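Work through the exercises below with the model open. Each task is followed by a solution in steps.

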Amino acid sequence: MKAAELLEYSEKFKLQVVDIDIPEIKPSEVLIKVVAASVNDIDNEIGRGELKNIFDYKLPQILGSEVSGYIEKIGDDVEEFEIGDAVYTRLPIRQLGGFAEYVAVDMDYIAKAPKTLKLFQSSTVPFPALAAYQILVDRLTVEPGKTLFINGGSGSFGSGAIVIAKAMGLNVIVSGNRKFRNNAMILGADKYIDYKVLDYTQVVDRVDYVIDALGRDHFEDEMKILKTNGDLVSLNGIPDNAFAKRQKFGWLKKHKIKKMSANVESKSDEYRVKYHYVLSRENGKQLKKISEIIDKTDCIKKIKFERGVFKIEQINEALDYVKKHHTEKVIILF
Ligand SMILES: NC(=O)c1ccc[n+]([C@@H]2O[C@H](COP(=O)([O-])OP(=O)(O)OC[C@H]3O[C@@H](n4cnc5c(N)ncnc54)[C@H](OP(=O)(O)O)[C@@H]3O)[C@@H](O)[C@H]2O)c1
């Protein structure tokens, strides 16, 4: 099968498309014939070695975090799934392997793809939607009627997060680019702020939760608009100590993360808010819930995403495209 491998970490890394054996499956795994694999910022971050402190892969490593496709083989212990099922998955961060014609994955990490989306579209859902779900359910245990502000909510994370947050009964305010306004309103946002026109700190105040999709330079302003004891969750900022604990890191990695997060932890004390870092984890049960939310609300198909579509041989162009065109969904179609 064709697969795109990382051979060495480098600022200017290139993946190499190789021809390798189709993976064998374990009794608890399924073999997915990949229809589409989504390309994300994190693939570039991994290739450049930016996550080496946290996840150091034994190279060569096939990259790719999320895929959709059909089950081609099932292991002896697999329940709930059958050959031919249309499924999607966020692959375990320690495993990856989505940029390949086939991937073997544990039954616990897959779910049937939403019926209301085309299967190739589903490949762009698991990574951001699981992040949103895990933030709202596992980290914050949100309560209906409370207010969530998403800063930078006009990308693929925002589109999933708005739908899931509305399904949980939250008031949702989004700051993002001009062209996403219409989509955000279709998805259910209560208020949308075009960040180039209005400074949200002038109109948003005392919210219960903030999700930051932009990065550490925005944390202080975000802390200012939270209620006392409110929660700020970062998607791509600085890992916190709780994250290190969840990942079951050893002493050295925990120590590094403690040093990295000291500044943001002290800022959050100053503003009397709580800081969290979330990296979405594989979870088939939660993905099943996400499929149900998508099918019930049935709104994602009504919005128009710009999309970059590439073949596996063009994987390096696709990775460059993600770097340059932030808001587009980029997929490798097999
Ligand atoms: N931790 C996790 O598990 C996880 C999961 C999913 C995503 N992520 C990370 O989360 C981040 C967001 O993901 P994404 O795919 O949604 O990214 P994205 O497509 O780049 O979306 C970010 C959006 O924010 C807008 N924006 C830029 N500057 C802004 C500002 N000052 N105020 C408000 N909006 C602004 C951008 O609009 P313009 O067009 O104007 O630039 C863009 O539409 C990425 O860094 C991604 O790696 C993490």
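**Exercise 1. Domain contact**

Task: In this predicted model, how many residues of domain 1 are in contact with domain 2, and how many of domain 2 with domain 1?

Solution. Step 1: Eleven residues of domain 1 touch nine residues of domain 2. Step 2: Sorted by class, the domain 1 side of this contact holds one nonpolar, seven polar and three charged residues. Step 3: For the bounds, domain 1 covers 2-124 + 304-333 and domain 2 covers 127-277. Step 4: Taken over C-alpha atoms, the two domain centres are 26 Å apart.

**Exercise 2. Backbone geometry at P60**

Task: Which kind of peptide bond joins L59 and P60?

Solution. Step 1: Most peptide bonds are trans. Step 2: Omega between L59 and P60 is about 0°, and the bond is cis. Step 3: P60 sits in the loop between α1 (41-47) and β4 (61-62).

**Exercise 3. Positive phi, two settings**

Task: L96 and R272 are to be placed in the chain. Is L96 buried or exposed, and is R272 buried or exposed?

Solution. Step 1: Most residues other than glycine have a negative phi. Step 2: L96 has a positive phi near 50°, and R272 has a positive phi of about 55°. Step 3: L96 belongs to the loop between β6 (86-90) and β7 (102-106); R272 belongs to the loop between α8 (251-271) and β14 (274-277). Step 4: The cut-off for buried is 20 or more other C-beta atoms within 10 Å, and for exposed 12 or fewer. Step 5: L96 is buried because 22 other C-beta atoms lie within 10 Å. Step 6: R272 has 12 C-beta neighbours inside 10 Å and therefore counts as exposed.

Conventions:
Residues are numbered from 1 along each chain as its sequence is written. This is a predicted model: local features need pLDDT of at least 70, side-chain atom pairs count only at pLDDT 80 or more; totals for chains, interfaces and linings use all residues. Helices (H or I, at least four residues) and strands (E, at least two) are DSSP runs, numbered from the N terminus. Domain bounds come from an automatic or database domain assignment. Two residues are in contact if their C-beta atoms, placed from the backbone, lie within 7 Å. Ala, Val, Leu, Ile, Met, Phe, Trp, Tyr, Cys and Pro count as nonpolar, Asp, Glu, Lys and Arg as charged, and the others, Gly among them, as polar.
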